[in-house]
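Student: I'd like a close look at a single part of this one. Could you pick a strand, walk me through its surroundings, and then work outwards to the rest of the chain?

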Amino acid sequence: MLPTSPTAVRNGRREGHFPGTAITSIGFVAGRHTAIVTADETGLAFYHSLGKVLFVDATDVIRMLGKYPEDVPPESNPQGGIGPGPMPFRRRRERKANVILAMAPLPLGTCPHRTDGYNLVAMVTPVKLVIVGLKPKPTTWYRRLRQDNEERGPRDRWKGTLAWFPSVEDPSSPSESPPSKSRSKQEPRGTMPMLIFSWGSQFHLIRVSEKKVIQSVKNAKTGKVSEVEFGAIAIEEVSAWAVDEVVLAVRWLSANVGSFFIRPQVI
């Protein structure tokens, strides 16, 4: 998976990260070993579907978030610091508000859920949280801006974390569809996916589900209007709270318990 170039982007031939740009996050999509999501220090995030056509690499790349920077690295060094050859001198870039601090895709769980078909990806930057869906087409389902009261000091600005609690088997919830003749027992549904994320020392918890929406669709040939049911992602903000120090990482231990690592005070 090679980087792209400013010329290829301008000509519409290829999307992707520029040479010499640091990758900040990477994750597999839907348990596949041929689809990944990546994010870099300039605030760009991409979906990569890896494959081959007639034994030739054919990678489909979709930009999920961000705009290409204007101060792109020079194209005189095609190696981009990869492989043999001298490393070009580059000044350290200033940290920008659109840098992606953390990213995580769904689904991750052991039990199917309605939201699995959307291939959701959550991304947190110093100023916003964004949840996008890759299927059936790239869509931004949720965007939350950071509030002024969620930033206590300078070190809070560049610290953000997130973690999905995946859909797992919920025996107390029966299947939505009746069992078939070949299966006398109903299969339990999966639990609702949850996302915990933080800015500085502030935590937020949201739940993600699917809702059905009725829309009027007009047939282009006959002109007839019919009612069609579509699926849509629903986001529920559950709670928010604060801890004493800046949060460096967060992990789920169970549906009711999470763990987090904080920066200790320097005495």
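Tutor: Happy to. To set the scene, the protein chain has one helix and 16 strands, and what you're looking at is a predicted model. Of the 267 residues in the chain, 38% are buried. Mean pLDDT comes out at 76, with 72% of the residues reaching 70 or more. The weak spot is residues 76-91, where pLDDT is below 50; that stretch has eight contacts in the model beyond near neighbours in sequence. Where pLDDT is low, predicted coordinates shouldn't be read in detail.

Let's zoom in on strand β12, residues 194-199. Six of its six residues are buried, so the strand is largely enclosed by the rest of the structure. The cover comes on both faces: Met194, Ile196 and Ser198 are buried on one side, and Leu195, Phe197 and Trp199 are buried on the other.

What sits beside β12 in its sheet? On one hand there's β11 (residues 160-165), which pairs with β12 in the antiparallel sense over six bridges. To get the register, look at tryptophan 164, whose bridge partner in β12 is leucine 195, and at phenylalanine 165, which is matched with methionine 194. On the other hand there's β13 (residues 202-218), also antiparallel to β12 and joined to it by six bridges. Here methionine 194 has arginine 207 as its bridge partner. So that you can trace the turn: β12 and β13 form a hairpin with two residues between the strands, and glycine 200 takes a positive phi near 60° there.

Step back a little and you get the whole sheet, which is open, antiparallel and made of four strands in the order β11-β12-β13-β14. Its edges are β11 and β14 (225-242), each pairing on one side only. Neighbouring strands are turned by 25° against each other on average, ignoring direction.

Now for the packing. In soluble globular proteins, nonpolar side chains tend to be buried together. The largest nonpolar core here has 20 residues, and Leu129, Ile131, Leu162, Trp164 and Leu195 have the most contacts inside it. At least two residues of this core come from each of β7 (102-105), β8 (120-124), β9 (128-133), β11, β12 and β13. Apart from this core lies another, of 15 residues, with Val29, Ala35, Ala39 and Met103 among them.

Leucine 195 is the residue I'd click on in β12. Leaving out residues up to four places away in sequence, leucine 195 touches Ala122, Leu129, Ile131, Leu162, Ala163, Trp164, His204, Leu205 and Ile206. Tryptophan 164 turns up there both as a contact of leucine 195 and as its bridge partner.

Elsewhere in the chain, there's another open sheet of four strands, ordered β1-β2-β3-β6 with antiparallel pairing. At its edges stand β1 (23-28) and β6 (60-65), each with a single partner strand, so one side of each is left without a neighbour in the sheet. The average turn between neighbouring strands of this sheet is 20°, direction ignored. Within it, β1 runs antiparallel to β2 (residues 35-40), with five bridges joining them; glycine 27, for example, has valine 37 as its bridge partner in β2.

Follow the chain into the loop between β6 and β7 and you'll find glycine 66. Its relative accessibility is 27%, which is why glycine 66 counts as partly exposed. Glycine 66 and leucine 44 are 22 residues apart in sequence, yet their C-alpha atoms are 4.5 Å apart in space. Neighbours within four places aside, glycine 66 is in contact with Gly43 and Leu44.

Two backbone details are worth a look before you finish. Most residues other than glycine have a negative phi, and most peptide bonds are trans. Asparagine 119 is not a glycine but has a positive phi of about 50°. This asparagine lies in the loop between β7 and β8, and at 6% relative accessibility asparagine 119 counts as buried. The other detail is the cis peptide bond joining lysine 135 and proline 136, with omega about -5°; proline 136 lies in the loop between β9 and β10 (139-145).

For the overall numbers, the chain exposes about 16500 Å², with carbon and sulfur atoms supplying 54% of that area. Among contacts between residues at least 6 apart in sequence, 51% join residues at least 24 apart.

How values were computed
Residues numbered from 1 in each chain as written. Predicted model: local features only at pLDDT ≥ 70, side-chain atom pairs only at ≥ 80, totals over all residues. Heavy atoms only, no water. Buried < 20%, exposed > 50% of the residue type's maximum accessible area, 1.4 Å probe, protein only. Pairing = 2+ DSSP bridges. Axes fitted to C-alpha atoms, helices over the stretch in contact; angles between N-to-C directions. Contact = heavy atoms within 4.5 Å. Areas by Shrake-Rupley, 256 points an atom, 1.4 Å probe, with all protein chains shown as cover. Core = buried A, V, L, I, M, F, W, Y, C linked by side-chain atoms within 4.5 Å. pLDDT = per-residue confidence, 0-100.
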